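Colleague: I have a model open and I'd like to learn how to read it. Can you take me through it feature by feature?

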Amino acid sequence: MIDFDPSTFGLAHTYQKEDKDEINTLALPSAPQVIYRTLNGPTQINGGNKLNNFKHGTTTLGFVFKEGILLAVDSRASMGSFLSSEQVRKVIEINEYLLGTMAGGAADCQYWLAYLANHCRTYELKNGSKLSVAAASKFLQGILIGYRNSGLSMGCMIAGTDLSGQHLYYIDNDGMRLKGDIFSVGSGSTYAYGVLDNHYRFDLSVNEAVELAIRAIYHATHRDTASGGVVRVYHIHQNGWTKVHDGIDVVDLHYKFAQEKGLVGDGDEAKQRLF
Amino acid sequence: MDSIFGLQGSDFVIVACDGSIAHSILKIKETEDKILKLDDHKIFGISGEGADRNSFGELVHKNHCLIRYKTGGYMNLKETAHFVRSMYAQAIRSRDGPHQCNGLLGGVDQDGTPSLYWLDYLGSLQKITRGAQGYANYFLLGLLDNQYKPNLTKEEGIEIIKKCIKELQTRFLIAQNKFIVKIVTKQGIETFTI
């Protein structure tokens, strides 16, 4: 590990040596840490106290392809080791042309996406035309920047269609807003990225894209304990959005994909069979 | 973990940035353009985490536009650099704290003089001929000092930037595959991805 003297960057007051090992369990050199001043309480590092430290226990993904955008989510909600629900709806239907995905604190996502829906409708009534996806996501970003120190926990994707096409944005509670072609958010996102990055092409057909999205979510739910339940898939195209699948059980998918490989799906592939 | 670096030549300024946005161990995006275009002859490469880079960049861009409208339409590089510095400085002891991002501001004035300025999150400002922000300093300053000579041509400048990119890809622990390079000359801004 490279050990930097705090004064070399002139960042003596933000680089806290004693927290370095606690936060970086992978031995990467740590970037200077940002200190947030919270509304109530002393200055805290990296998100604050345990009450605010939500883990984004979910897998959501979205990607842009030639036929529009595909969003796929799992449906598990966990409170520590207790599964509170296997049937959560993590895609929030903001209006007929905008969808939002939920990761992090459910209440935060639901409330602020509903607030965004309200704002979109008001804009449409006042101005006679629909709010663009860029503007809607920017509006949400503005809110989240304002609440930056308050312990909100949201890692959501805004996807929708407007006059300039279909667009996908990633927005999180730090106030970061990114436009992109492939995003996956949540604790299972790394597993989903593995499958997505490997098979993604811009010129996928709708069926191929849906199949890819389902597989990516399945693989994430298989390996990530905080993701599971059912897979829900939405397709956004120039006329709005369509719910392609309302709930495919990932357990069924597990055995289906195992059968495709000629396996049973009991996890005993490595076991040596004597007869 | 952003790398922003740049150099100034006889009649041009180059600022380059890596394209990656990272979130703990994940690289969420690889093609993010961190160099903001302030006007047709000024670019501002910003290095910082999360929302700060984006929001400060927008703040600078819009306020720059506003001041230009108020004062007649054009600000030269020196005025712009001091203006950006003052935006940093005003924030230092504000309620939300300093803007957590550093920058490299470069451009060419109307008479063709190039300049490059190094700006810090606390409001430091220095006019430089070559420099970098962040960890890139450690890897590139030696190389930039070694390769720099007065009155570089545009082609020589691009070659040096390519060597810098190669050095980062060889020695920096964080894999940075895509770099976005912007060159400002009297004719305008050219962008390309390496």
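Colleague: Let's start with a helix on a sheet. Which strands of chain B does helix H2 (residues 77-91) lie across?

Modeller: Keep in mind that this is a predicted model. To read this kind of packing, look at which strands the helix touches, then at the angle between the directions. Helix H2 of chain B lies across S5, S6, S7, S8 and S9 of chain B, and runs at about 170° to S7(B). H1(B) packs on that sheet too, touching S5, S6 and S7 of chain B. The direction of H1(B) makes about 5° with that of S5(B).

Colleague: And the sheet itself? In what order do the five strands come?

Modeller: Go across the sheet strand by strand. The order is S5-S6-S7-S8-S9 in chain B, an open sheet with antiparallel pairing. Strand S5 (35-39) and strand S9 (125-128) of chain B are the edge strands, each pairing on one side only. From one strand to the next the twist averages 25°.

Colleague: How many bridges pair S7 with S8 in chain B?

Modeller: Six bridges, in the antiparallel sense, between strand S7 (residues 101-108) and strand S8 (residues 114-119) of chain B. You can follow one across: B:Gly103 has B:Leu119 in S8(B) as its bridge partner. Then step over to the neighbour, where four bridges join S8(B) to S9(B), again running antiparallel. B:Leu119 has B:Leu125 as its bridge partner in S9(B). The hairpin of S8(B) and S9(B) has five residues between the strands, and there B:Gly123 takes a positive phi near 100°.

Colleague: Where do side chains point along a strand like that?

Modeller: In a regular strand they alternate between the two faces of the sheet.

Colleague: What is the strand order in the sheet that holds S10 of chain B?

Modeller: That one is S10-S1-S2-S11-S12 in chain B: five strands, open, with antiparallel pairing. Strand S10 (130-133) and strand S12 (188-193) of chain B each have a single partner strand, so one side of each is left without a neighbour in the sheet. The twist here averages 15° from one strand to the next. Strand S1 (residues 4-8) of chain B pairs with S10(B) over four bridges in the antiparallel sense, and B:Gly6 stands opposite B:Gly131 in S10(B).

Colleague: Which strands does helix H3 of chain B touch?

Modeller: Helix H3 (residues 136-147) of chain B touches S1 and S10 of chain B, and its direction makes about 170° with that of S10(B). Helix H4 (residues 154-171) of chain B lies across S1, strand S2 (13-18), strand S11 (179-185) and S12 of chain B. Helix H4 runs at about 160° to S11(B).

Colleague: On to aromatics. How many aromatic pairs does a search of the whole structure find?

Modeller: There are 15 over all chains. For each pair, read the distance between centres and then the angle between planes. Take A:Trp112 and A:Tyr147: their ring centres are 5.2 Å apart with the planes at 50°, so the pair is tilted. This pair links distant parts of the chain, 35 residues apart: A:Trp112 is in helix H2 (residues 106-127) of chain A, and A:Tyr147 is in the loop between helix H3 (133-146) and strand S9 (155-162) of chain A.

Colleague: Are those two residues buried or exposed?

Modeller: A:Trp112 is buried, at 9% relative accessible area, whereas A:Tyr147 counts as partly exposed at 39%. For another geometry, try B:Phe44 and B:Phe56, with centres 6.5 Å apart and planes at 70°, so that pair is edge-to-face. B:Phe44 lies in strand S6 (residues 42-48) and B:Phe56 in helix H1 (residues 50-71) of chain B, so the pair ties together parts twelve residues apart in sequence. B:Phe44 is buried at 0% relative accessibility, and B:Phe56 is buried at 0% as well.

Colleague: Which residues do ring pairs link into a cluster?

Modeller: A:Tyr111, A:Trp112, A:Tyr115, A:Phe139 and A:Tyr147. Rings can have charges over them too: the charged end of A:Lys179 sits over the ring of A:Tyr169, 5.6 Å from its centre.

Colleague: Last one. Why is there no bond between the sulfurs of A:Cys109 and A:Cys156?

Modeller: Check the sulfur-to-sulfur distance. The two sulfurs are 5.5 Å apart, too far for a bond, because a disulfide needs them within 2.5 Å. A:Cys109 is buried, at 0% relative accessible area, and A:Cys156 is buried at 0% too. Over all chains, the structure holds zero disulfides.

Methods: Residues are numbered from 1 along each chain as its sequence is written. Chains are lettered from A and ligands numbered from 1 in the order in which they are written. This is a predicted model: local features need pLDDT of at least 70, side-chain atom pairs count only at pLDDT 80 or more; totals for chains, interfaces and linings use all residues. Side-chain values use heavy atoms; hydrogens and water are left out. Rings of Phe, Tyr and Trp (its six-membered ring) pair if their centres lie within 6.5 Å; planes under 30 degrees apart count as stacked, over 60 as edge-to-face and the rest as tilted. Helices (H or I, at least four residues) and strands (E, at least two) are DSSP runs, numbered from the N terminus. Buried means under 20% relative accessible area, exposed over 50%, partly exposed in between (1.4 Å probe, protein chains only). A charge sits over a ring if NZ of Lys or CZ of Arg is within 6 Å of the ring centre and within 35 degrees of the ring normal. Two strands pair if DSSP finds at least two bridges between them. Axes are lines fitted to C-alpha atoms, for helices over the stretch in contact, and angles run from 0 to 180 degrees between N-to-C directions. Contact means heavy atoms within 4.5 Å.
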